[in-house]
Amino acid sequence: MESRVTVSIAKAKAMLARWVRAAEDGEYVIITRHGTPVAALVRVEDVERLEQLRAAGPAGGLASLAGGWEDSDELVRSIEEAARNGQRVVEPLD
């Protein structure tokens, strides 16, 4: 589903069970205070993915994104090994 809905804190509080169900179904529930987004309700899997990306940091590169499918560890090893081999020398086309 992965749609987005925006609700005020008051509305979120009054209808919390509804918004939690929406988050479980893949909807992003953005909670606002005086019209300014301050929090979000999302699936636990989305939070886990965010934590994985944050842990990798900006220097994590493609290897930090691998890990969501079978045999992705092999891809990570290949990428890390290629990085150790250094830059390729490219001859000018002149």
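Two strands pair if DSSP finds at least two bridges between them. Keep that rule in mind for the strands on this tour of a predicted model.

**Whole chain**

Start with the protein chain in cartoon view. Its secondary structure comes to five helices and three strands. Trace the chain along the sequence and the pattern reads β-α-α-β-β-α-α-α. Now switch on the surface. The chain exposes about 7600 Å². Carbon and sulfur atoms supply 53% of that area. Colour by burial next: of the 94 residues, 18% are buried. Then turn to contacts with a separation of 6 or more. Residues 24 or more positions apart account for 27% of them.

**First stop: β1 and β2**

Select residues 4-8, which form strand β1. Add residues 28-33, strand β2. How many bridges join β1 to β2, and do they run parallel or antiparallel? Five bridges join them, and the two strands run parallel. For a marker on this pairing, show Val7 and Ile31 as sticks. Val7 stands opposite Ile31, a residue of β2.

**Second stop: β2 and β3**

Keep β2 and add residues 36-41, strand β3. Here too five bridges make the join, but β2 and β3 run antiparallel. Together β2 and β3 form a hairpin, with two residues between them. Pick Thr32 and Pro37 for the marker: Thr32 stands opposite Pro37 in β3.

**Third stop: the turn**

Zoom in on His34. This residue is found in the loop between β2 and β3. Check the backbone: phi of His34 is near 55°, a positive value in a residue other than glycine. Is His34 buried or exposed? Its relative accessibility is 80%, so His34 counts as exposed; the cut-off for exposed is over 50%.

**Last stop: Thr32**

Step back along the hairpin to Thr32, which lies in strand β2. Its relative accessible area is 9%, so Thr32 is buried; the cut-off for buried is under 20%. Which residues does Thr32 touch, not counting those up to four places away in sequence? Select Thr6, Val7, Ser8, Ile9, Pro37 and Val38 to show them. Val7 in this set is the residue opposite Ile31. Pro37 is the residue opposite Thr32 itself.

Leave β2 on screen with both neighbours to finish. β2 pairs in parallel with β1 and antiparallel with β3. In a regular strand, side chains alternate between the two faces of the sheet.

Terms used:
Residues numbered from 1 in each chain as written. Predicted model: local features only at pLDDT ≥ 70, side-chain atom pairs only at ≥ 80, totals over all residues. Heavy atoms only, no water. Helix = DSSP H or I, 4+ residues; strand = E, 2+ residues; numbered from the N terminus. Buried < 20%, exposed > 50% of the residue type's maximum accessible area, 1.4 Å probe, protein only. Contact = heavy atoms within 4.5 Å. Areas by Shrake-Rupley, 256 points an atom, 1.4 Å probe, with all protein chains shown as cover.
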